[in-house]
Every structure is written in structure tokens, then in C-alpha cells.
Amino acid sequence: MRDTMHLYSIDDFRRRVAADQLEVDELGYGDHRWNPHHPRITDMNRRNLRDAAVLVPVVDRPDEATVILTKRTQALRNHSGQVAFPGGRIDPTDKDAAAAALREADEEIGLQPHEVDVVGRLPDYVSGSGYRIAPIIGIVRPGFDLAINPDEVDTVFEVPLSFLMDPANHGRGSREWSGLEWAYFEMPYSGQHIWGVTAGIIRSMYERYYA
């Protein structure tokens, strides 16, 4: 148990992120990796993608690090009711992707920018819905008080990093889309269904730092 806790401590996680030499291929990570011939994603020209950013908030808990996730409200137009990282489109007023991710986290769950130490960035994740998503890695200091925006977020919960970085928990699911099978990762946890883009980004983090 002690070795496991050390492996998933915030200090070990920080070292793994710092040691990573980011190299992004032409299309980065994304839904096209699991669905290479699906008509929904046959045109992956970056010029047609909309820029977005999400914050991957890794919390410095004393026993082991955890990751903050949200469940979106059913009232939202896109991805309603789904588990997601805080995030959204990059606005023209945002300095960069990190600034957008921090702004969205503040707006959605009340996580203040000064409570987050941005330590890295995963390769862009291309979603089948046409977004180029920049996953920003942030370490969150304990002692924060969240304030959920009920117009966007239904609930917030934390998942142990050890669970998310264990490939045994990375199931594969599929459903019909445009008459064809659409494949994705899924990671059910404590009654929450983590799947789709969010699970894909988590899988990317595993491949990047722990595989």
C-alpha cells in the first residue's frame, strides 16, 4: 500500500509531468484514434476545428492525489448530463489555453485561479464534435471551497488518481452513431459514468505519464 500511495502522490505526479517532453503529432490525440474510418471524423483538418480548453485539476490530498470532475446539467445544449472536466471554448479575451481553462473552472465550479498551479499540458485532443481541446494540467492546493454554477454543473466529485491511471479500469464501449458503431473509453466510478472525450483525455494522460 505504501508503494502505491507513493506512486500516486502529488510529488510523484508532478515529477512525471515535468519529465514529459511534449511532442504533438499532426492531429494529436482524439476520437479519431478509436474511430479511424468513421464518417463523423473523416475531415480532421485543424483549420476547421474550434479551439477549447479544459482544466485537469489534480488535488494534492495527503494519502494520494485525486482528480476533480463535474457532471454537466441536463439543461445544457451540448453534452448534457455527461461527466466532464471544467472547460469550454477559448475566448478572444483569453491570453492562452491555460487562461481559458482557469476561467472556465472559476465560472463553473468556483475554483479560483490562485488555488491552481499549472504544471503542464497534454497534447491537444480532437473531439468528434469538431473541437481541438487543450487539456491543461493543474495541481490544486487543498482547502479550496467550491461554488457550483447550477446553470452548467449538476455535481462535482473527486476520483482517486490511482483509479484513473489503472488501465484495468479503462473499459471500451460503443454506441450507434450515423448508422455506424462509435467506439470510446468508459470508466464507471461510484455511480458516475466517465466516458467519451473525458475518458479519452484520461486515457491520454495514462499513456503519457504512466504506461
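**Helix 3, strand 3 and the cores**

I'll start with helix 3, where the buried residues are Ala97, Ala98, Ala100, Ala101, Leu102, Arg103, Glu104, Ala105, Glu108 and Ile109. Please keep in mind that this is a predicted model. That list makes ten buried residues out of 13, so helix 3 is mostly covered, given that buried is defined as under 20% relative accessible area.

What covers them? The elements over the buried residues of helix 3 include strand 2, strand 3, strand 5, strand 6, strand 8 and strand 9. In residue numbers, strand 5 is 87-89, strand 6 is 116-121 and strand 8 is 131-140.

Now the geometry of helix 3, which covers residues 97-109. At 1.5 Å a residue, its 13 residues should span 18 Å, and the end C-alpha atoms are indeed 18 Å apart, so the two agree. At the N-terminal end there is a cap from Asp96, with a side-chain oxygen 3.3 Å from the backbone nitrogen of Ala98. After the helix comes Gly110, with a positive phi near 75°.

Next, strand 3, one of the elements that cover helix 3. Strand 3 runs over residues 66-72, and six of its seven residues are buried. Which strands does it pair with?

Take strand 2 to begin with, residues 50-59: it runs antiparallel to strand 3, with two bridges between them. The connection from strand 2 to strand 3 is a hairpin through six residues. Across this pair, Val67 in strand 3 has Val58 opposite.

Then there is strand 9, residues 153-160, which is antiparallel to strand 3 and joined to it over seven bridges. Here Thr70 faces Val156 of strand 9.

Strand 4, residues 83-84, is also antiparallel to strand 3, with two bridges. One bridge partner pair is Lys71 and Val83, the latter in strand 4.

Staying in strand 4, we have Ala84. Buried or exposed? Ala84 counts as buried, because its relative accessibility is 11% and the limit is under 20%. Outside four places in sequence, Ala84 contacts Leu69, Thr70, Arg72 and Thr198. Of these, Arg72 is twelve residues away in sequence, with a C-alpha to C-alpha distance of 7.0 Å from Ala84.

On to the nonpolar cores. In soluble globular proteins, nonpolar side chains tend to be buried together. The largest core in this model has 38 residues, and the members that touch the most others are Phe13, Leu161, Leu164, Met165, Ile194 and Met205. At least two residues each come from helix 2, strand 2, strand 3, strand 8, strand 9, helix 4, strand 11 and helix 5. Helix 5 gives the largest share, six residues.

As an example from this core, take Phe13. Not counting residues up to four places away in sequence, Phe13 touches Val58, Ile137, Ile139, Leu161, Met205, Tyr209 and Tyr210. Val58 you have already met, opposite Val67.

A second core is separate from that one and has 18 residues, among them Ala98, Ala100, Leu102 and Ile136. Ala98, Ala100 and Leu102 were on the buried list for helix 3.

Last, a polar residue in helix 5, residues 196-209: Arg208. How does Arg208 stand against the cut-off? Its relative accessible area is 19%, and buried means under 20%, so Arg208 is buried. Its side chain makes a polar contact of 3.1 Å with the side chain of Asp20.

That's what I have; I'll take questions.

How values were computed. Residues numbered from 1 in each chain as written. Predicted model: local features only at pLDDT ≥ 70, side-chain atom pairs only at ≥ 80, totals over all residues. Heavy atoms only, no water. Helix = DSSP H or I, 4+ residues; strand = E, 2+ residues; numbered from the N terminus. Buried < 20%, exposed > 50% of the residue type's maximum accessible area, 1.4 Å probe, protein only. Polar contact = N/O pair within 3.5 Å; in protein donor to acceptor, adjacent residues only side chain to side chain. Pairing = 2+ DSSP bridges. Expected span 1.5 Å × (residues − 1). Contact = heavy atoms within 4.5 Å. Core = buried A, V, L, I, M, F, W, Y, C linked by side-chain atoms within 4.5 Å.
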